[in-house]
Amino acid sequence: MHVESLPVRNAPIYVRLLQQYLVLLKKYPILTKSVTSGVLTALGNLLSQILEAKKKKATDGAQVSLIDPAGAARYAIYGLVITGPVSHYFYQLMEVWMPSTDPLCIVKRLLLDRLVFAPGFLLIFYFVMNVLEAKGWRDFEKKMRGSYWTALKMNWKVWTPFQFININFVPVQFRVLFANTVALFWYAYLASVRK
């Protein structure tokens with residue numbers, strides 16, 4: 001049976017975008033994951049701002065405030081410089097440290113991610129955001145005392161099932177994209193809890 005493939009130029013836009021993403025992912029894996037992280041992290045912040053504005057309007061009847069582009073830019077920088085590269089290397093190293101041939105790899109990977117990576121990554125998030133907001137050490141300590149533990153517990157609740165799927169069933173080259181898609185909503189939560 002002869003199967004004819006569609007030329008790229010006649011494919012729907014989403015197919016062409018996916019094909020272009022896969023080409024870039026193969027040629028420039030870290031840069032592609034970093035840019036994707038930056039964009040999705042900024043979108044998470046914008047989503048948070050929109051939800052906060054709607055919530056204020058519903059409770060106070062207050063006028064919806066303008067979007068803070070500086071906030072979205074900080075999240076974009078964080079995604080570009082921290083999330084993309086750090087996640088890329090973490091997932092690559094996990095494959096080396098805990099190959100799928102290891103009979104306990106599923107449990108070991110999840111424990112490493114949830115008990116080591118998640119707390120450290122959240123700490124880095126708080127610190128980098130504090131620096132990008134040009135705030136001092138006291139502000140950092142206050143935010144850590146005020147919301148770090150709450151955010152970490154929420155991270156464990158929300159992320160554990162997604163990370164179980166991600167680190168055990170998603171191909172390694174797509175793990176950052178999978179996590180970034182979930183993180184779109186996670187960063188919206190973090191932006192609201194850090195206030």
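**A first walk around the model**

Visitor: Which residues lie nearest the centre of the largest cavity?
Guide: This is a predicted model, and its largest cavity has a lining of 21 residues. Out of that lining, the ones nearest the centre are Phe117, Phe121, Asn155, Trp159 and Tyr187.

Visitor: What is the volume of that largest cavity?
Guide: Here's the general idea: rolling a probe the size of a water molecule over the atoms shows where empty space is left. In this structure, one cavity of 30 Å³ or more turns up. The volume of the largest cavity is about 250 Å³.

Visitor: Which elements each supply at least two residues of its lining?
Guide: Let's look at who builds the wall. At least two residues of the lining of the largest cavity come from each of these: α3, α4 (105-132), α5 (137-169) and α6 (175-193).

Visitor: How many helices does the chain have?
Guide: Follow the chain from the N terminus and the elements read α-α-α-α-α-α. There are zero strands, and the helix count comes to six.

Visitor: What share of the chain counts as buried?
Guide: To count as buried, a residue needs under 20% relative accessible area. The chain has 195 residues, and the share of them that passes is 41%.

Visitor: Where does UniProt place the feature "transmembrane region"?
Guide: That comes from an unreviewed entry, and we can hold it up against the model. One stretch, residues 111-132, is 100% helix and 0% strand, with end C-alpha atoms 30 Å apart. The other, residues 164-189, is 81% helix and 0% strand, with end C-alpha atoms 20 Å apart. In short, the UniProt record puts the feature at residues 111-132 and 164-189.

Visitor: Which element gives the most to the nonpolar surface patch?
Guide: The patch covers about 820 Å², and its members are Leu24, Tyr28, Leu31, Val35, Val39, Leu43, Ile77, Leu80, Val81 and Leu132. Two elements give two or more residues to it, α2 (29-60) and α3 (69-97). With four residues, the top giver is α2.

Visitor: Is Val39 buried, partly exposed or exposed, and why?
Guide: Val39 sits in helix α2 and belongs to the nonpolar patch. Its relative accessibility is 46%. Since the class between 20% and 50% is the middle one, Val39 counts as partly exposed.

Visitor: How many salt bridges are there?
Guide: In general, side chains of opposite charge can pair when their charged atoms come close. Here "close" means a side-chain nitrogen of Lys or Arg within 4 Å of a carboxyl oxygen of Asp or Glu. By this rule, the number of salt bridges is seven.

Visitor: How far apart are the closest N and O atoms of Asp113 and Arg114?
Guide: These two form a salt bridge, and both Asp113 and Arg114 are buried. The gap between their closest N and O atoms is 2.8 Å.

Visitor: What is the partner of Asp68 in its salt bridge?
Guide: Asp68 counts as partly exposed because its relative accessibility is 35%. Its closest N and O atoms to the partner are 3.8 Å apart, and that partner is Arg74.

Visitor: Which residue forms a salt bridge with Glu133?
Guide: The closest N and O atoms in this pair are 3.8 Å apart. The partner has a relative accessible area of 37% and is therefore partly exposed. The residue is Lys135.

Visitor: Which residues are linked in a network of salt bridges?
Guide: Some charged side chains join up in a network. The linked residues are Glu95, Arg109 and Arg175.

Visitor: Which residue has a positive phi although it is not a glycine?
Guide: Look in the loop between α4 and α5. The residue there has a phi of about 55° and counts as exposed because its relative accessibility is 70%. Its name is Ala134.

Visitor: What separates the C-alpha atoms of Glu141 and Asn130?
Guide: Glu141 is in helix α5, and its relative accessible area of 30% makes it partly exposed. Along the chain, Glu141 and Asn130 are 11 residues apart. Through space, their C-alpha atoms are separated by 9.9 Å.

Definitions and conventions. Residues numbered from 1 in each chain as written. Predicted model: local features only at pLDDT ≥ 70, side-chain atom pairs only at ≥ 80, totals over all residues. Heavy atoms only, no water. Patch = residues over 30% accessible without salt bridge, like charges linked within 9 Å, V, L, I, M, F, W, Y side chains within 5 Å. Areas by Shrake-Rupley, 256 points an atom, 1.4 Å probe, with all protein chains shown as cover. Buried < 20%, exposed > 50% of the residue type's maximum accessible area, 1.4 Å probe, protein only. UniProt positions renumbered as here; feature names shortened; annotations may be inferred. 1 Å grid on protein atoms, 1.4 Å probe; cavity = no way out; pocket = protein on both sides within 12 Å on 5 of 7 lines; lining within 4 Å. Points joined across faces, edges and corners; volume = space filled by probe spheres on them.
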